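Hi,

Here is the structure I promised to pass on. Have a look at it first, and my notes follow below.

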Amino acid sequence: MHYRTAAALALATAPIAGADSHSTSGASAEAVVPPAGTPWGIAYDKAKTALANLNLQDKVGIVSGVGWNGGPCVGNTSPASKIGYPSLCLQDGPLGVRYSTGSTAFTPGIQAASTWDIDLIRERGQFIGEEVKDSGIHVILGPVAGPLGKTPQAGRNWEGFGVDPYLTGIAMGQTINGIQSVGAQATAKHYILNEQELNRETISSNADDRTLHELYTWPFADAVQANVASVMCSYNKVNTTWACEDQYTLQTVLKDQLGFPGYVMTDWNAQHTTVQSANAGLDMSMPGTDFNGNNRLWGPALTNAVNSNQVPTSRVDDMVTRILAAWYLTGQDQAGYPSFNISRNVQGNHKTNVRAIARDGIVLLKNDASILPLKKPASIAIVGSAAVIGNHANNSPSCSDKGCDNGALGMGWGSGAVNYPYFVAPYDAINTRASSQGTQVTLSNTDDTNSGASAARGKDVAIVFITADSGEGYITVEGNAGDRNNLDPWHNGNALVQAVAGANSNVIVVVHSVGAIILEQILALPQVKAVVWAGLPSQESGNALVDVLWGDVSPSGKLVYTIAKSPNDYNTRIVSGDDGFSEGLFIDYKHFDDANITPRYEFGFGLSYTKFNYSRLSVLSTAKSGPATGAVVPGGPSDLFQNVATVTVDIANSGQVTGAEVAQLYITYPPSAPRTPPKQLRGFAKLNLTPGQSGTATFNIRRRDISYWDTASQKWVVPSGSFGISVGASSRDIRLTGTLSVA
């Protein structure tokens with residue numbers, strides 16, 4: 001079920017030469033030499049031929065941004081006309097083309113992950129790539145694997161794919177394959193340990209080596225395996241060294257251990273030095289200056305550093321080779337690449353993917369007395385400002401980069417936000433569907449409790465909309481400076497639901513949120529019959545919601561984070577100083593399992609309108625204990641990616657309607673391994689089944705999936721003993737168990 005292109009398969013069989021992981025200076029490390037005949041190998045051959053025609057000024061122009069606002073894109077480099085190389089155009093972001101007036105507002109990564117549908121995730125990447133290329137952009141600044149989301153309040157969690165590194169890694173690989181399959185360069189960001197917005201430009205993230213590898217680097221390995229063109233280093237420090245000049249994470253981990261042949265760019269103005277960053281493994285300075293046009297650390301300064309022998313010419317040649325190779329790898333050297341124009345309409349039929357992900361990412365949390373799907377009620381009340389279009393949805397100038405929570409919510413705020421070409425609000429879609437069936441709809445489009453109660457009184461059903469928002473730290477919204485101040489619904493959402501519940505006994509709560517909120521006050525109300533976690537649906541919000549509320553489809557989304565009963569049940573917080581990552585491997589469900597804390601809704605949870613039965617667990621294994629010893633290929637040692645076990649489970653739809661089930665496989669390590677979370681996600685499969693139909697979920701377990709990072713030997717090691725295999729409908733709803741024995 002792990003999709004791999006033919007290119008990735010070719011790379012996986014051939015080692016990367018060079019890459020001396022024991023070098024003490026980035027300058028003395030051998031340049032990566034991808035094997036001949038592979039996609040990267042062919043691209044490197046072209047890049048080295050081109051390199052021979054460039055002088056130092058040309059090379060420095062390729063690796064240095066021209067400066068903030070120095071070109072049409074958020075990042076621009078100098079062209080090298082003698083080799084036909086353009087001014088490279090880099091543009092946000094992870095869910096489409098920032099600042100464009102002609103592109104699709106794709107669903108955020110967190111919504112895509114909530115579908116657990118690798119085909120939809122890959123298609124989303126492909127459609128993003130098509131719009132990027134058709135807009136004349138070379139490099140899209142996404143997808144996001146960091147923040148991973150260890151802290152539920154962290155502002156940018158919504159841009160990524162959830163808190164589990166396995167799920168995020170699969171989603172990264174699918175997305176990158178999609179983007180680059182159509183000729184755009186993808187960027188895996190933010191590397192690494194960038195887990196909060198508060199003090200992000202000064203904080204030091206001090207994680208131990210095992211945690212770094214098993215949690216935070218894990219999805220970047222999937223990105224590298226998918227041939228990602230570039231990686232963006234982050235603002236923070238890593239163990240007291242700035243991420244963009246940290247040789248251990250840039251050279252040793254990323255380029256040597258993971259065999260990354262592409263280039264590392266800075267986050268915007270995340271560079272602090274000329275020489276140290278170059279020698280540590282940085283390849284491109286973005287945007288080339290600070291946001292005032294000053295602090296130009298490369299450009300002429302890099303030229304001087306080379307001429308004074310502080311940065312070897314070979315290091316600059318390596319930077320240029322990597323950047324040019326990514327350009328060749330994605331076929332951008334071929335004639336006819338579109339000109340830059342972000343007002344060009346490039347949407348095609350891509351809204352179909354937006355609607356499908358918005359719909360299939362909806363998680364049904366509660367459905368008492370099967371109140372859903374709706375059964376042609378005579379009257380419905382719609383309550384809440386989030387049901388209608390406001391400044392967020394209408395691209396208001398007062399809501400720049402989506403820095404407001406006014407009206408219906410479709411994404412968080414910051415550089416990862418885009419303009420909506422249109423926005424289907426929940427009320428509009430509900431009113432259209434309900435009216436077509438003769439249902440009377442009453443609207444209270446504010447968060448006023450009296451108005452909401454009045455609208456709800458006497459109606460068959462009342463649907464209340466509540467939100468929680470977050471984003472990037474350069475914008476403060478309602479007192480939230482990127483990160484959320486708390487895990488409560490915004491705009492007195494609890495009080496609004498309570499008021500409506502006081503006037504109506506059939507209340508449905510729809511949550512549009514960037515991440516977990518505490519639902520206890522809402523769930524304590526017996527009148528609240530259903531909770532629909534609609535996440536961040538983007539431009540097709542109302543249509544996707546109606547698809548589920550009226551039962552056109554059965555909900556099939558599953559949570560990609562834990563919803564706790566209390567904020568105190570989480571073991572992570574936004575910190576004001578440096579972050580010691582004292583929780584180690586034990587974040588989100590891994591902590592709840594380890595500490596034996598019962599969540600309100602666990603990771604992987606989601607209800608359906610039908611029922612699924614699990615049977616016939618089978619485990620076949622050829623796994624052997626010991627370290628991975630394969631030659632390094634993009635992603636890491638080649639044998640890490642070999643399948644060593646296959647687990648199958650039969651799943652039957654025993655209900656009355658068609659539905660899709662996400663079967664999840666969790667692995668428990670044997671006692672011989674160092675301390676490890678009780679269960680870790682290591683497989684999932686989504687099966688769409690008609691009533692009475694059965695299907696087989698197949699989980700291919702790679703050597704990597706049963707390894708731990710041994711800090712002493714600096715290798716991935718499979719421990720000996722009996723691994724526990726748990727397959728079920730969530731991380732806590734385990735239906736079948738078995739064992740995998742490794743000698």
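To start with a small puzzle: are Cys399 and Cys404 buried or exposed? Both Cys399 and Cys404 turn out to be buried. Keep in mind throughout that this is a predicted model, so everything here is computed from the coordinates or taken from a record.

Those two cysteines are bonded to each other: a disulfide joins Cys399 to Cys404, with 2.1 Å from S to S. The torsion about their S-S bond is about -95°, so this disulfide is left-handed.

**The other disulfides**

The count for the model comes to 3 disulfides. Cys73 pairs with Cys89, and their sulfur atoms sit 2.0 Å apart. This link is left-handed, with -100° about the S-S bond. The pair ties together distant parts of the chain, 16 residues apart: Cys73 lies in the loop between helix 3 (56-63) and strand 1 (75-76), while Cys89 belongs to strand 2 (residues 89-91). Cys73 has a relative accessible area of 7%, so it counts as buried. Cys89 is buried too, at 4% relative accessibility.

Then there is Cys233 with Cys244, where the sulfur atoms are 2.1 Å apart. Here the torsion about the S-S bond is about 110°, so the disulfide is right-handed. Again the pair links distant parts of the chain, 11 residues apart: Cys233 is in strand 6 (residues 230-233), and Cys244 is in the loop between strand 8 (241-242) and helix 9 (247-257). Cys233 is buried at 0% relative accessibility, and Cys244 is buried at 2%.

If you number the bonded cysteines of the chain in sequence order, the pairing reads 1-2, 3-4, 5-6.

**Domains**

The domain assignment splits the chain into domain 1 (39-330), domain 2 (362-567) and domain 3 (612-742). The C-alpha centres of domain 2 and domain 3 are 35 Å apart.

There is also an annotation from the UniProt record, which is an unreviewed entry: "domain: Fibronectin type III-like", covering residues 661-731. In the model, residues 661-731 are 59% strand and 0% helix, and the C-alpha atoms at the two ends of the span lie 14 Å apart.

That's what I have for now. Shout if anything is unclear.

Cheers

Definitions and conventions: Residues are numbered from 1 along each chain as its sequence is written. This is a predicted model: local features need pLDDT of at least 70, side-chain atom pairs count only at pLDDT 80 or more; totals for chains, interfaces and linings use all residues. Side-chain values use heavy atoms; hydrogens and water are left out. UniProt positions are given in the numbering used here, feature names are shortened, and annotations may be inferred rather than shown by experiment. Helices (H or I, at least four residues) and strands (E, at least two) are DSSP runs, numbered from the N terminus. Domain bounds come from an automatic or database domain assignment. A disulfide is a pair of cysteine sulfur atoms within 2.5 Å. Buried means under 20% relative accessible area, exposed over 50%, partly exposed in between (1.4 Å probe, protein chains only).
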